[in-house]
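I am opening a notebook on this structure and will write down, entry by entry, what I looked up and what I found.

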Amino acid sequence: MSTNDSIITARGIKRGFQSGGDTFWALGGIDLDIPRGGLTILRGRSGSGKTTLMNILGALDRPTEGTVILDGVDITAASESERDAVRRKKIGFIFQSVALVSMMSAYENVEFGMRISGFPAAGRRERAEECLHLVGLSSRIKHMPQELSGGEQQRVAIARAIAHRPAVLFADEPTAELDTLTGLSVIKTFRELVEREGVTIVMTTHDVGLMDAADVVYELSDGMLVDAAAGAGEGGVQA
Ligand SMILES: Nc1ncnc2c1ncn2[C@@H]1O[C@H](COP(=O)(O)OP(=O)(O)OP(=O)(O)O)[C@@H](O)[C@H]1O
Ligand SMILES: [Mg+2]
């Protein structure tokens, strides 16, 4: 992994919210670089601005000030339709609460996501099965969400988020609703995706036990970056 090769470059990111005539600055001026093909963790206590920052990096929200370049595209200057195309083609999202379609099997959930992103029909079945295999669910592909454990459902969500081969996978507290061991297995899956598929992963977490898995850790406090254990090491979770 070359540290000079950033897939995301953010400069001067501020995000203000209006409340009763005043502006509350959830982000107070953030500069950061996300290495291509690495696992980056955004950490910080509740309310520090992690979700706000991630939503801006992932083109779900616009900053009040500042610039984000994602894989060569200035997503802060882009029109809504350009941003929509970036989100569909280049980005995958995983949220804290798993949002699978309850009437669809594990396989159908993954395949449905690929259809939305415009993945060619011809390769869909093979790729969906490959991704479910990658997350360790080959034996569960016909199961409905309610027939899966919480950790298994989260892994279907991961398979769905990577199936269209996004450049960046954003995961907001993906382990928050999981027990420690299941959370570790999700992180281990993330490491495998980084190594095998070359995907860039950006995730938020409170869990200090997961930091060793990251290539880079950024710590937020009151909407500002503080010096953190950047470059926590070459990863490798012993789970
Ligand atoms: N739409 C909004 N309007 C007003 N204030 C907001 C809005 N969204 C977030 N905030 C405020 O911005 C701050 C940062 O919120 P954010 O959700 O980014 O925190 P977080 O680090 O993700 O916290 P958590 O760990 O609890 O998820 C909080 O103080 C929050 O109340
Ligand atoms: Mg949050």
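**Entry 1: the nonpolar core.** I began with the largest nonpolar core of this predicted model, which has 63 residues. The residues with the most contacts inside this core are Val110, Leu132, Ala159, Ile162, Leu169, Ile201 and Val202. I then looked up where the core draws its residues from, and the largest share, 6 residues, comes from helix α5, which covers residues 150-162. I noted beside this that in soluble globular proteins nonpolar side chains tend to be buried together.

I picked Val110 for a further look and asked which residues Val110 touches, not counting residues up to four places away in sequence. The list I found for Val110 is Ala128, Cys131, Leu132, Val156, Ala159, Arg160 and Ala163.

**Entry 2: a charged residue in α5.** Next I turned to Arg155, which is found in helix α5. Is Arg155 buried or exposed? Arg155 counts as buried, because 26 C-beta neighbours lie inside 10 Å, and the cut-off for that word is 20 or more. Leaving out residues up to four places away in sequence, I found that Arg155 touches Val135, Gly136, Leu137, Val186 and Thr189. I also checked the C-alpha atoms of Arg155 and Val186, which are 7.1 Å from each other although the two residues are 31 residues apart along the chain.

**Entry 3: the sheet of six strands.** I went on to an open sheet of 6 strands, whose order is β6-β7-β8-β3-β9-β10 and whose pairing is mixed. At the edges stand β6 (91-94) and β10 (224-226), and since each has a single partner strand, one side of each is left without a neighbour in the sheet. On average, and with direction ignored, neighbouring strands of this sheet are turned by 25° against each other.

Within this sheet I spent some time on strand β8, residues 200-205, which is mostly covered, as 6 of its 6 residues are buried. Which way do the residues of β8 point? Thr200, Val202 and Thr204 point one way from β8, while Ile201, Met203 and Thr205 point the other way, and all of them are buried. In general, side chains of a regular strand alternate between the two faces of the sheet.

For the partners of β8, I found that strand β3 (residues 39-43) runs parallel to β8 and is joined to β8 by 5 bridges, with Arg43 having Thr205 of β8 as its bridge partner. Strand β7 (residues 168-172) is likewise parallel to β8 and joined to β8 by 5 bridges, and here Phe170 has Val202 as its bridge partner.

**Entry 4: the sheet of four strands.** I then followed another open sheet, in which 4 strands stand in the order β2-β1-β4-β5 with antiparallel pairing. Its edges are β2 (22-35) and β5 (73-74), each with a single partner strand, so one side of each has no neighbour in the sheet.

I checked the pairs in turn. β1 and β2 are antiparallel over 11 bridges, and Ser19 stands opposite Asp22 in β2. The hairpin of these two strands has 2 residues between the strands, and in this hairpin Gly20 takes a positive phi near 55°. β1 and β4 pair in the antiparallel sense over 5 bridges, with Thr9 opposite Ile69 in β4. Strand β4 (residues 65-70) in turn pairs with β5 over 2 bridges, again in the antiparallel sense, and Ile69 has Asp74 of β5 as its bridge partner.

**Entry 5: helix α1 and the two sheets.** I looked up which strands helix α1, residues 50-57, lies across, and found β1 (6-19), β2 and β4, with α1 running at about 125° to β1. α1 also lies across β3, β7, β8 and β9 (216-221), and its direction is at about 160° to β8.

**Entry 6: around ligand 1.** Last, I asked which residues surround ligand 1. The shell consists of Phe17, Phe24, Ala26, Gly44, Ser46, Gly47, Ser48, Gly49, Lys50, Thr51 and Thr52. The elements that give two or more residues to this shell are β2 and α1, and α1 gives the largest share, 3 residues. Sorted by character, the shell residues divide into 3 nonpolar, 7 polar and 1 charged.

Key
Residues numbered from 1 in each chain as written. Chains lettered and ligands numbered in written order. Predicted model: local features only at pLDDT ≥ 70, side-chain atom pairs only at ≥ 80, totals over all residues. Core = buried A, V, L, I, M, F, W, Y, C linked by C-beta atoms within 7 Å. Buried ≥ 20, exposed ≤ 12 C-beta atoms within 10 Å, placed from the backbone. Contact = placed C-beta atoms within 7 Å. Pairing = 2+ DSSP bridges. Axes fitted to C-alpha atoms, helices over the stretch in contact; angles between N-to-C directions. Near = placed C-beta within 6 Å. Nonpolar A, V, L, I, M, F, W, Y, C, P; charged D, E, K, R; others polar.
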